[in-house]
Amino acid sequence: GGAAWGQDEKGFKKACEELGWDGQYLAPSASNVASDMVNLTETAITNGADIIMPCVTDPDVFADVLKRAREKGIIVIGLAAGDESMCDAMVGTDPANLGKNAAEALVKAVGEDEPINVCTMQTQLTNTGQNNQRQAFEDRLKELRPDANVISYEECDSSATKAVDRLSALYLAKPELNGVVSFDSYAGLGGAAFVEEKGLQGKFHVIGIDDAPEILRAIQEGTMDCTVAQMWYDIGYQSVQIAKTIYDGGEYEYDNAIGTSIIFPEDVDTWIETYGIDMSE
């Protein structure tokens, strides 16, 4: 569940409905618990699944269960995170595109005359995919604003509360900090809550990620400058289409990268209408 995965679930279920497939969408009871996701994968194997789409956040933890899945002839699609040695294909965000867009969004939000002293915040600092996104962000930022300073790399474990606490401590220690760039949707929501709590609208810049209703509301309310939408609905939808291609014996590529889009306040209404986002959620 949550800001990103809720959209992914909608795309997944829509594609299953169109194909007449029996699709089950499962998640651990707590955020980012790889062992729970492995247990869910075990259950899927036991229940005779033809296709399994796990988010392989830790290849070492998943290695044994996915080896057994493939030995049984089960198609394995890495969803948002994968490993080529244990997945038939992967569907997720293009990290270079996301990082580049995050840098461009930050520079536009801050403007030409204001300094850039920001931190980045991700789910966990050990997350390889997010580290690649962060590196692409820094590379593009150096091109656009050589004077910019990335003060710190932070993690929030998909908790807006932890994000607020970390930003509060960092801002106290480094008052020159004037922004956060998110690589976890709860980092952006925590940043928006921090801005509201401290009354820093227009002074502290929050670059969010994903396009869940609560994120779009934060942009409308002025506590978040913009967000980089990872197109999670498309990731969920396309993962099923790739699975069908493999199931039918068609040709396919391992890496199926989905692009990203930047949403500023002036873009929110059109985005909501285009993607049918229910803002009451």
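A nonpolar core is a set of buried Ala, Val, Leu, Ile, Met, Phe, Trp, Tyr and Cys residues joined through side-chain atoms within 4.5 Å. Keep that in mind as we walk through this structure, which is a predicted model.

## The cores

The largest nonpolar core here has 42 residues, and the members that touch the most other members are Ile-77, Phe-204 and Leu-216. Quite a few elements chip in two or more residues: strand 2 (75-79), strand 3 (89-93) and strand 4 (117-122) are among them, and so are helix 6 (160-173), helix 7 (185-198), helix 8 (213-221), helix 9 (232-247) and helix 10 (268-275).

Let's zoom in on Ile-77. Leaving out residues up to four places away in sequence, Ile-77 touches Ile-51, Ile-52, Met-53, Pro-54, Ala-89, Val-91, Ile-242, Ala-243 and Ile-246. There's also a second, separate core, made of 19 residues, with Leu-98, Ala-102, Val-181 and Cys-226 included.

Leu-216 sits in helix 8, where the buried residues are Pro-213, Ile-215, Leu-216, Ala-218 and Ile-219. After helix 8 comes Gly-222, with a positive phi near 85°.

## The six-stranded sheet

Now for the sheets. Strands of a sheet pair through backbone hydrogen bonds, either parallel or antiparallel. One open sheet here has six strands in the order 5-4-6-7-8-10, with mixed pairing. Strand 5 (149-155) and strand 10 (261-263) are at its edges with a single partner strand each, so each has one side left without a neighbour in the sheet. On average, neighbouring strands of this sheet are turned by 20° against each other, if you ignore direction.

Here are three of the strand pairs, each with one pair of residues to look for:

| Strand pair | Bridges | Sense | Example residues |
|---|---|---|---|
| Strand 4 and strand 5 | Six bridges | Parallel | Met-121 and Glu-154 |
| Strand 4 and strand 6 | Four bridges | Parallel | Cys-119 and Val-180 |
| Strand 6 and strand 7 | Three bridges | Parallel | Val-180 and Val-206 |

How does the chain get from strand 4 to strand 5? It crosses through helix 5 (residues 128-144), in a right-handed β-α-β crossover. Between strand 6 and strand 7 the chain passes through helix 7, and this β-α-β crossover is right-handed too.

Strand 6 (residues 179-182) is joined to strand 4, and Val-181 in strand 6 is the bridge partner of Thr-120. Which way do the residues of strand 6 point? In a regular strand the side chains alternate between the two faces of the sheet. In strand 6, Gly-179 and Val-181 point one way while Val-180 and Ser-182 point the other way, and all of them are buried.

Helices pack on this sheet as well. Helix 4 (residues 95-110) touches strand 4, strand 6, strand 7 (205-209), strand 8 (226-229) and strand 10, and its direction makes about 150° with that of strand 7. Helix 6 packs on the sheet by touching strand 4, strand 5 and strand 6, and its direction makes about 155° with that of strand 4.

## The four-stranded sheet

A further open sheet has four strands in the order 1-2-3-9, and its pairing is parallel. At the edges stand strand 1 (51-52) and strand 9 (255-258); each has a single partner strand, so one side of each is left without a neighbour in the sheet. Strand 1 and strand 2 are parallel and share two bridges, and Ile-52 has Val-76 in strand 2 as its bridge partner.

## Two helices side by side

Next, look at helix 2 (residues 34-46) and helix 3 (residues 59-71), whose axes come within 10 Å and cross at roughly 10°. Angles under 35 degrees count as roughly parallel, so helix 2 and helix 3 are roughly parallel to each other. Where they meet, helix 2 offers Ala-34, Met-37, Val-38, Thr-41, Glu-42 and Ile-45, and helix 3 offers Val-61, Phe-62, Val-65, Leu-66, Arg-68 and Ala-69.

## A serine in a loop

Finally, find Ser-158, in the loop between strand 5 and helix 6. Is Ser-158 buried or exposed? Buried means under 20% relative accessible area, so Ser-158, at 16% relative accessibility, counts as buried. Apart from neighbours within four places in sequence, Ser-158 is in contact with Ser-31, Asn-32, Thr-123, Asp-184 and Tyr-186. Ser-158 and Asp-184 are 26 residues apart in sequence, yet 6.5 Å apart in space, C-alpha to C-alpha.

How values were computed:
Residues numbered from 1 in each chain as written. Predicted model: local features only at pLDDT ≥ 70, side-chain atom pairs only at ≥ 80, totals over all residues. Heavy atoms only, no water. Buried < 20%, exposed > 50% of the residue type's maximum accessible area, 1.4 Å probe, protein only. Contact = heavy atoms within 4.5 Å. Pairing = 2+ DSSP bridges. Axes fitted to C-alpha atoms, helices over the stretch in contact; angles between N-to-C directions. Right-handed = clockwise from strand over helix to strand, strands pointing away. Parallel < 35°, antiparallel > 145°, perpendicular 65-115°, else oblique.
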